[in-house]
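Q: I am in my first year and would like to learn how to read a model like this one. Please take a close look at a single part of it, and explain carefully what surrounds that part.

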Amino acid sequence: MEAIFSIPFTVLEVPNLKLKRPGWVKQPSAMVMFSMVLFSYFLVTGGIIYDVIVEPPSIGSTTDERGNSKPVAFMPYRVNGQYIMEGLASSFLFTIGGLGFVILDRTNHSMPRLNRILLISVGFISILISFFMCRVFMRMKLPGYLMA
Amino acid sequence: IKSVKTGSLFWSCLCALAYFYMVSSWGGYVFLINLIPLHVLALMLTGRFSHRIYVAYSAVYCIGTILSMQISFVGFQPVQSSEHMAALGVFGLCQMHAFIDYVRSKLSVEQFNILFRSIVLMGAVVSLSVAAIGTATGKISPWTGRFYSLLDPSYAKNNIPIIASVSEHQPTTWSSFYFDLQMLTIMFPAGLYFCFNRLTDANIFIIMYGVTSIYFAGVMVRLMLVLAPVMCILSGIGVSSTLNTYMKNLDVSRKDKKTSKKNVDHTYPFKNEVATGVVFLVTAFLITYTFHCTWVTSEAYSSPSIVLSARAGDGGRIIFDDFREAYYWLRHNTPEDAKVMSWWDYGYQITAMANRTILVDNNTWNNTHISRVGQAMASTEDKAYEIMRELDVNYVLVIFGGLTGYSSDDINKFLWMVRIGGSTDRGAHIKEADYYTPQGEFRIDKEGSPTLLNCLMYKMCYYRFGEVYTEGGKPTGYDRVRNAEIGNKNFDLDVLEEAYTTEHWLVRIYKVKDLDNRGA
């Protein structure tokens, strides 16, 4: 059996390679994965795929009575259309809200008093701001939101 | 997840039965049959492979695939199409991994390493060549258009107009996310964080499900369906973990004069108050969430689309029951074997309510056939008549919203008919640019392109419309959806005759005239 396997090697010469897996390649930790997932969440909920396919302008514009053009931030009356900036702003708010909850969870570990006070307040503020701003944005888009 | 946790055959069989139920109800089962192998692969990569996973996955794959092949629509696809190849591949990998673990426990280290490396090399070469040969000879069919457009969203827009035209296939905007999910969009990252904190086999499945379904829901609005369960699960994890940590901080015991000072944690001021605040905040969010959900359901998801209603100027309600009126007219006044040509949106409705044969329906199964119908709608009357004789059509049905202001009518969908009609060989003479004005606008008034003003769809929608007053202060034939007076009034139809127009002109039915008695 060995004789059959060694036939090709009378003609071919095995190269003297020394391949080694580079040391700095290692499996990323859980939190690194989480931050990558969060970044992709930010992009996707901002409607980046909609932006790439439909290519809306970054800011809309209307002309008022005297012919001046005014910028319009939110595409009105439609839930299924957006401008690029409004999408990114809203997904920024979603992410900030999520991070607020993460911060609130972190404050339960042990840490100095000042840090803890600051982190709790940052967490609370980010959650409240994100929630209410999202409601305001939605009302700006759909004027009849939450009114019968 | 239960079968992964327990590793018992019983739960795996139940899982396979549930998968079979899913296959029989929706084509979206392809997502599942790719997600589960992906999960097993992730577990293998993070070193969490165990005999429980092995038992669970092998049982689910074998039983599930055999059951799914019982459905005639699926047939032999699980062993032939690329969409199912991942499951097959991971199944093979599972067997090899378990076998390697077994051999490793029996052999010495030195022998094992040699055997391992040679087998891996041989296995990789064999499987790659099999896959290459299979794809090249066509035995393994490539990804179908619908699923390929999920991986490459611009594919449908450039190549297959039918898939691109369905409004539910458009990519999702932030407001669609917020409208359907409100608070969940904020809790989703929090839930993900808690899952990443405590990585277990089950958590990894939820993370993978969440991440993949967020991406797919971002590509196509209707896949928000797939995102909804995992959004709820992850937000639930987020809410419960937050409440868990903060409930422990609550201190509801009575004020006791003799509370020992050493219990007070000086680095954590107002522990009690903060905890109460957080619990209160989460409760308030949940309550507003229910308000939002009930509002959305009552406004957007409750109205039937077959009977429309609108508010008249004086506040009273007008009901448009034109669809049912037309379908019942068809049912009672046409011969039993009459064939109706309409656009594919109305196919199922006509079949169910009018009980007549149609050419194309919502299944959009046969692209060439739909393209032929599109060519008929977009051509002039004579060309369209040839197509209608070829397809043996007796009646034609169009939806027209110009009198009522109903904006989802066939004129608004017309450009899609042109695109789809021009996308096959026999429709190569139909070019979208012919239907626009020289400036590139789609107009139906006098400035409109002559091709548009003389095509069959235009004539069917606007027949006799030129004599009707629609709005005060506007001339006759004023289209209330496009906000313009139509360009081609007072024409006659040569090959069709009007059979029925409903009360508000929403549905118009035409009968195809027979050939002349004597040759022309």
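A: What follows is a walk through the sheet of chain B, with a shorter look at other parts afterwards. This is a predicted model, in which local features need pLDDT of at least 70 and side-chain atom pairs count only at pLDDT 80 or more, whereas totals for chains, interfaces and linings use all residues. Residues are numbered from 1 along each chain as its sequence is written, chains are lettered from A and ligands numbered from 1 in the order in which they are written, and side-chain values use heavy atoms, with hydrogens and water left out.

Chain B contains 22 helices and nine strands (DSSP runs numbered from the N terminus, where helices are H or I with at least four residues and strands are E with at least two). Of its 520 residues, 46% count as buried (under 20% relative accessible area, with exposed over 50% and partly exposed in between, for a 1.4 Å probe and protein chains only).

The sheet itself is open and has five strands, which run in the order β4-β3-β5-β9-β8 (chain B) with mixed pairing. Two strands are said to pair if DSSP finds at least two bridges between them. Strands of a sheet pair through backbone hydrogen bonds, either parallel or antiparallel. At the edges of this sheet lie β4 (357-358) and β8 (496-501) of chain B, each of which pairs on one side only. The partner of β8(B) is strand β9 (residues 507-512), and these two are joined in the antiparallel sense over five bridges; as one example, B:E497 has B:K511 in β9(B) as its bridge partner.

Helix α16 (residues 322-333) of chain B packs on the sheet and touches β3 (339-341), β5 (395-399), β8 and β9 of chain B, and its direction makes about 25 degrees with that of β9(B). Here a contact means heavy atoms within 4.5 Å, while axes are lines fitted to C-alpha atoms, for helices over the stretch in contact, with angles that run from 0 to 180 degrees between N-to-C directions.

In the loop between β8 and β9 of chain B we find B:H504, which counts as buried because its relative accessibility is 16%. Leaving aside residues up to four places away in sequence, B:H504 touches B:I319, B:F320, B:D322, B:L403 and B:T404.

Away from the sheet, helix α12 (residues 183-197) and helix α14 (residues 224-247) of chain B have axes that come within 7 Å and cross at roughly 70 degrees. That crossing makes α12(B) roughly perpendicular to α14(B) (65 to 115 degrees, whereas under 35 counts as roughly parallel, over 145 as roughly antiparallel and the rest as oblique). Among the residues that meet there are B:L184 and B:F188 in α12(B) and B:M231 and B:L234 in α14(B).

Helix α11 (residues 174-181) of chain B is largely enclosed by the rest of the structure, because seven of its eight residues are buried; they include B:W174, B:F177 and B:Y178. Just after α11(B), B:Q182 takes a positive phi of about 35 degrees.

Chain A, finally, has strands β1 (residues 60-63) and β2 (residues 69-72), which pair in the antiparallel sense over four bridges. The bridge partner of A:T62 in β2(A) is A:K70. Five residues lie between the strands of this hairpin, where A:G67 takes a positive phi near 90 degrees.
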